[in-house]
Amino acid sequence: MKNRKSKWIWGGICLFVFIIAILVFSFRETILLKAGRFMAPAGDYKADVAILEGAEFIRTGVVTSGMDLLSSGKVKRIVIVLQNIAPAHRPYGINENYPDIVKQKLKNLGLKETEFKVIVVPIRHPVTLKEAEVALEALSKENIKSAILLSPGFHTRRSYLAYQYVGIPLQIKIFPSACFTEYQLNNWWVQELGVRDFTTELFKLVYYLAGGYIPFKFYY
């Protein structure tokens, strides 16, 4: 009797798992698209500045998005955040100081010095959180109260939460805006780079949460 009951229970569990698997497979594209949108929040905002997040270098697509915000009047200035790298670690062929190259390029595009700012941040662990601390501390001294954060792809969620966490005590409101330059959000799962970026950034988000770098109450 007990064996028969146990078989019914396991049969029910297997049937439930099978139904869930069928539903997930049937709606996989919708699920993956929503997951992508969660990792890459974006919206139509206006703010004092646009923070263009780079690493050792800044992606052209991110700069283009920032320029669009500036020309449309949605921000008054763009702020490019770059990580400080030693000359020995620069790509071959780039001998000049990269932040100076960026500044000159922006001037060549017709921007006035009052319309842009380049902030160089040290590389310290945890990198994104320390970057946010240095960048927002500098902007708070200029009485900046709001910023649109332009970040590449699925890095946006973690970056937004880090900047938001740092910005609250400084009374700087952060608005996220993801930039996709190497793959598209609407079908990221069919592109190898998109899958790799999503997986990597999801792992890093969990790491930041588990490590306490981003409080769970800021996870939204």
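How many helices and strands does the chain have? In this predicted model, the chain is built from 7 helices and 5 strands, and from the N terminus on its elements follow the order α-α-β-α-β-α-β-α-β-α-β-α.

## Confidence and overall features

The average pLDDT of the chain is 87, and 85% of the residues score at least 70. Within the chain, confidence is lowest in helix α1 (residues 2-26), where the mean is 50, and highest in β1, where it reaches 98. Of the 220 residues in the chain, 40% are buried, while the area that the chain exposes comes to about 13000 Å², with carbon and sulfur atoms supplying 59% of it. Among contacts with a separation of 6 or more, 79% are made by residues 24 or more positions apart.

## Nonpolar cores

The largest nonpolar core comprises 34 residues, and those with the most contacts inside it are Ile51, Leu136, Leu139, Tyr163 and Ile174. A second core, separate from this one, has 23 residues, including Val63, Val102, Leu111 and Ile148. Within the largest core, Tyr163 can serve as an example: leaving aside its neighbours within four places in sequence, Tyr163 is in contact with Ile51, Val81, Ala132, Ala135, Leu136, Leu149 and Ile174, and also with Glu53 and Glu131.

Glu53 and Leu149 appear again in the surroundings of another residue, Ser159, which lies in helix α6. Not counting residues up to four places away in sequence, Ser159 touches Glu53, Thr128, Leu149 and Ser151. Is Ser159 buried or exposed? Its relative accessible area is 0%, so Ser159 counts as buried.

## Aromatic pairs and charges over rings

The structure holds 12 aromatic pairs. One of them joins Phe57 and Tyr98 in an edge-to-face arrangement, with 4.4 Å from centre to centre and 75° between the planes. This pair links distant parts of the chain, since Phe57 is in the loop between β1 (49-53) and α3 (60-71) whereas Tyr98 is in helix α4 (residues 98-108), and the two are 41 residues apart. The partners also fall into separate accessibility classes: Phe57 has a relative accessible area of 26% and is therefore partly exposed, while Tyr98, at 14% relative accessibility, counts as buried.

For Phe154 and Tyr183, the ring centres are 5.6 Å apart and the planes meet at 35°, so the pair is tilted. This pair, too, links distant parts of the chain, with Phe154 in the loop between β4 (146-152) and α6 (156-170) and Tyr183 in the loop between β5 (173-179) and α7 (192-210), 29 residues apart. Phe154 is buried at 0% relative accessibility, and Tyr183 is buried with a relative accessible area of 5%. Phe154 and Tyr183 belong to one aromatic cluster together with Phe180, Trp188, Trp189 and Phe198.

Two arginines lie over the faces of aromatic rings, as set out below.

| Charged residue | Ring | Distance to the ring centre |
|---|---|---|
| Arg157 | Phe38 | 4.2 Å |
| Arg158 | Tyr208 | 4.9 Å |

## Backbone geometry in the loops

Most residues other than glycine have a negative phi, and most peptide bonds are trans. Against that background, three places in the chain deserve a remark. The peptide bond from His125 to Pro126 is cis, with omega near -10°, and Pro126 is placed in the loop between β3 (116-121) and α5 (127-140).

Asn143, in the loop between α5 and β4, has a positive phi near 65° although the residue is not glycine. Asn143 has a relative accessible area of 54%, and so Asn143 is exposed.

Where does Gln171 lie? Gln171 is found in the loop between α6 and β5, and its phi, near 60°, is likewise a positive value in a residue other than glycine. With a relative accessibility of 57%, Gln171 counts as exposed.

Key: Residues are numbered from 1 along each chain as its sequence is written. This is a predicted model: local features need pLDDT of at least 70, side-chain atom pairs count only at pLDDT 80 or more; totals for chains, interfaces and linings use all residues. Side-chain values use heavy atoms; hydrogens and water are left out. A nonpolar core is a set of buried Ala, Val, Leu, Ile, Met, Phe, Trp, Tyr and Cys residues joined through side-chain atoms within 4.5 Å. Buried means under 20% relative accessible area, exposed over 50%, partly exposed in between (1.4 Å probe, protein chains only). Contact means heavy atoms within 4.5 Å. Rings of Phe, Tyr and Trp (its six-membered ring) pair if their centres lie within 6.5 Å; planes under 30 degrees apart count as stacked, over 60 as edge-to-face and the rest as tilted. Helices (H or I, at least four residues) and strands (E, at least two) are DSSP runs, numbered from the N terminus. A charge sits over a ring if NZ of Lys or CZ of Arg is within 6 Å of the ring centre and within 35 degrees of the ring normal. pLDDT is the predictor's confidence in each residue, from 0 to 100. Accessible areas come from the Shrake-Rupley method with a 1.4 Å probe; for residues, only the protein chains shown count as cover.
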